[in-house]
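Trainee: Before we look at the coordinates together, I would like to learn how to read a model with several chains, going from the contacts between chains to the folds and the core.

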Amino acid sequence: MIEFTLWDILRNLLLAARWTIVLSLVSFVGGGLVGLLILFLRISPKTWLNWLARGYIELFQGTPLLMQLFIAFFGLGLFGIDVPAWLAAGVALILWSAAFLAEIWRGCVEAIAKGQWEASASLGMGRLQQMRYVILPQALKIALPPTVGFSVQVIKGTSLTSIIGFVELSKAGSVVTNATFLPFTVYGLVALLYFALCWPLSKSSQILERKLNVAHRNH
Amino acid sequence: MSYQFDFAWASQYAPQIAKGIMITVELTVVGGLLGVALGTACAWSRALGPSWLKPVVATYVELIRNTPFLIQLFFIFFGLPSLGVQMNELTAANIAMVINLGAYSCEIIRAGIQATPKGQFEAGASLAMTPFETFRHVVLVPSLQRIWPALSSQVVIVMLGSAVVSQIAVEDLTFAANFIQSRTFRAFEAYIVSTLIYLALAILLRQAMRGIGTILFPKRAAR
Amino acid sequence: MSLIEITEVRKSFGDNEVLKGINLDVEPGEVIAIIGKSGSGKSTLLRCINGLESITSGSIQVAGAQLLDDELHLKALRLKVGMIFQQFNLFPHLTAGGNVMLSQMVVKKVAKADAEVMARKMLERVGLAHKFDAFPDELSGGQQQRVAIARALAMQPIALLCDEITSALDPELVAEVLAVVRELAREGMTLLMVTHEMKFARDVCSRVVFMHQGRVHEIGPPEEVFANPKTPELRQFIGMVDETV
């Protein structure tokens, strides 16, 4: 039997962690773009657009991410597309992130005082101008901490893509475990690597939140 | 597109699905009750507990919140036996869910405790209650009431997250879906059906949490 | 033709009819105080004139611009009437100058340099030229309200609606805001103000409208309305206000 050193294990995990990072970035950025679209539908005064967005959010927040991955993986195949795992993983994670980000941002937009809408309306601004110049600049500020916080959920969410066969950190963990028979060490290291990716983001989200609260109290 | 949907398998595999739902519900109920209990204890120790305990609990909370549930599950089920801790799949899944929800609910409940006006603690103290008595009788219920919506969402998130326990062969709803698709090759239909069941479970669970809330905090219902 | 024509305006919130057929014509240069108990519909009337609330029936016209519930008509109307709010509603992420410049640039497409010149002029007019670069949270309530007035004036409206603009202010800050309004009245600006400042209404306004239960209950020049209230409701209201002052 081949002996594996701790470095052998760690090196393999680190190489795979690159894909966790890439997938997280793609999902977060893509999810942000789609999420912005859903946000605009969600706060639209048109009732049917509003319900469309609500339905979307309910569907993606009310079902397991794992199921969404399975459906993307097997479902897209029905349309005659040969779906590689990375594509299914990307699509599912983008749509899933979009639902959560849209809902987070809606909370931020609604936290802006009604008087801001009224004042800008009374100055003759249209809806898009109100959003662009008055509401979003204020909402962005309070949206930053929870948005950074959500990026941690995205990174953790990518671990599920190992189940449909995308080779990232978790999948590498299973592969290396099967080769070394050292589950305690390997999964321990995998957990620590995830922690190293997530904890700085969690911490910065907390710090941003605290700064924001202090700024608000001084008003 | 010429794909023909086929749900003919549904009646044949209904027992598997029913069993899967039972297990998912069982995991959620056990995880929910024990997880929130653990979270409350941890929230108390982080907010008001002895100083030696605070960093221990903080480390636990940060470790859990910053690692995927899947890895926590694998560590418990595959990793711990090598230290001589043996357990079956269902026990491992239950433990993983309790530990996971415990960490998240700790932070949520702690926020509720910290939002308590200082006067409440002072009033308790002035009535000769110990800090723990003040926490137990004065602070806890209003704190839980304050954060009940956030806690409810977290319980739903944990329920949906339980789908991955199928990966250690716990026979939950996702396991049933995988089983059916492997026998019938009707992957899409099997996953659509189980996804819709999860959606129904999530909506029911949210209603249930709201119901529990009105029972625990009757004042809110009156308002 | 009057500047503002309010004809048979009704407004309901669900089953609750707040305005029960309001008729009011305002001539150019008039300063009108709308008084009445809370819940009498006076703020709702003002908000209808600016299209912040849609009316259930009736019509509102400002210098020929009809109040209709679409973005084009609303914009045309709002370019003619400015509004000042009880809570100031300054944009907290912009400086005082930025607040006054923003809508000029995005709504009227005025070039930045011109908008700035106008902003400085308007801040000067309310006595706050030196606060151009201050953010709202660095200003007192009275100063914030004066910036809000400058912001509305910069759009060059032909009438201003003032919704209890001194009610959120500490007593010592009320005078500086009223002084600005008094100056505007003297310069001939058409003003409609919902107010609790009876002395101000008596001194400055050309007409006083007393609203009661969603209707214009009494209307007339201030000396008449305050000295000889015709209805028991107005008598009671004036008595109540005098006691608290």
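**Reading the contacts and the folds**

Mentor: Let us begin where two of the chains meet: 20 residues of chain C are in contact with 16 residues of chain A. The elements that give two or more residues to the side of chain C that touches chain A are α2 (71-80), β6 (81-84) and α3 (96-107) of chain C. Please keep in mind throughout that this is a predicted model.

Trainee: How do the residues on the side of chain C that touches chain A divide into nonpolar, polar and charged?

Mentor: On that side of chain C there are 10 nonpolar, 6 polar and 4 charged residues. The size of an interface is often given as the accessible area lost when the parts come together, but here we are reading residue counts.

Trainee: How many residues of chain B are in contact with chain A, and which element of chain B gives the most to that side?

Mentor: Chain B places 31 residues in contact with 30 residues of chain A. Two or more residues on this side of chain B come from each of α2 (53-65), α3 (69-79) and α8 (187-216) of chain B, and α8(B) gives the most, with 10 residues. By residue class, the side of chain B that touches chain A holds 21 nonpolar, 8 polar and 2 charged residues.

Trainee: Turning to the chains one at a time, how many helices and strands does chain A have?

Mentor: Chain A has 8 helices and 0 strands, and its pattern along the sequence is accordingly written α-α-α-α-α-α-α-α. The C-alpha atoms of chain A fill a box of roughly 80 × 50 × 20 Å along the principal axes, and 44% of its 219 residues are buried. When contacts in chain A with a separation of 6 or more are taken, residues 24 or more positions apart account for 76% of them.

Trainee: What can be said of the helices, the strands and the compactness of chain C?

Mentor: Chain C has 9 helices and 10 strands. Its radius of gyration is 18 Å, close to the 18 Å that the globule rule gives for 245 residues, so chain C is as compact as a globular protein of that length. Its C-alpha atoms fill a box of roughly 55 × 40 × 35 Å along the principal axes, and 47% of the 245 residues of chain C count as buried.

Trainee: In what order do the strands of the open sheet in chain C lie, and which are the edge strands?

Mentor: A sheet is read by following which strand pairs with which. In chain C, 4 strands form an open sheet in the order β2-β1-β4-β5, with antiparallel pairing. The edge strands are β2 (16-26) and β5 (65-66) of chain C, each of which pairs on one side only. Strand β4 (residues 57-62) of chain C is joined to β5(C) by 2 bridges, and the bridge partner of Val62(C) in β5(C) is Ala65(C).

Trainee: Which residues have the most contacts inside the largest nonpolar core?

Mentor: In soluble globular proteins, nonpolar side chains tend to be buried together. Here the largest nonpolar core has 202 residues, and those with the most contacts inside it are Leu13(A), Leu69(A), Val190(A), Leu73(B), Ile34(C), Ala150(C) and Leu191(C). Helix α4 (residues 85-111) of chain A gives the most to this core, with 15 residues.

Trainee: What does Ile34(C) touch, leaving aside residues up to four places away in sequence?

Mentor: With those neighbours left out, Ile34(C) touches residues including Lys42(C), Leu45(C), Leu192(C) and Val209(C).

Terms used: Residues numbered from 1 in each chain as written. Chains lettered and ligands numbered in written order. Predicted model: local features only at pLDDT ≥ 70, side-chain atom pairs only at ≥ 80, totals over all residues. Contact = placed C-beta atoms within 7 Å. Nonpolar A, V, L, I, M, F, W, Y, C, P; charged D, E, K, R; others polar. Pairing = 2+ DSSP bridges. Rg over C-alpha atoms; globule rule 2.2 N^0.38 Å. Buried ≥ 20, exposed ≤ 12 C-beta atoms within 10 Å, placed from the backbone. Core = buried A, V, L, I, M, F, W, Y, C linked by C-beta atoms within 7 Å.
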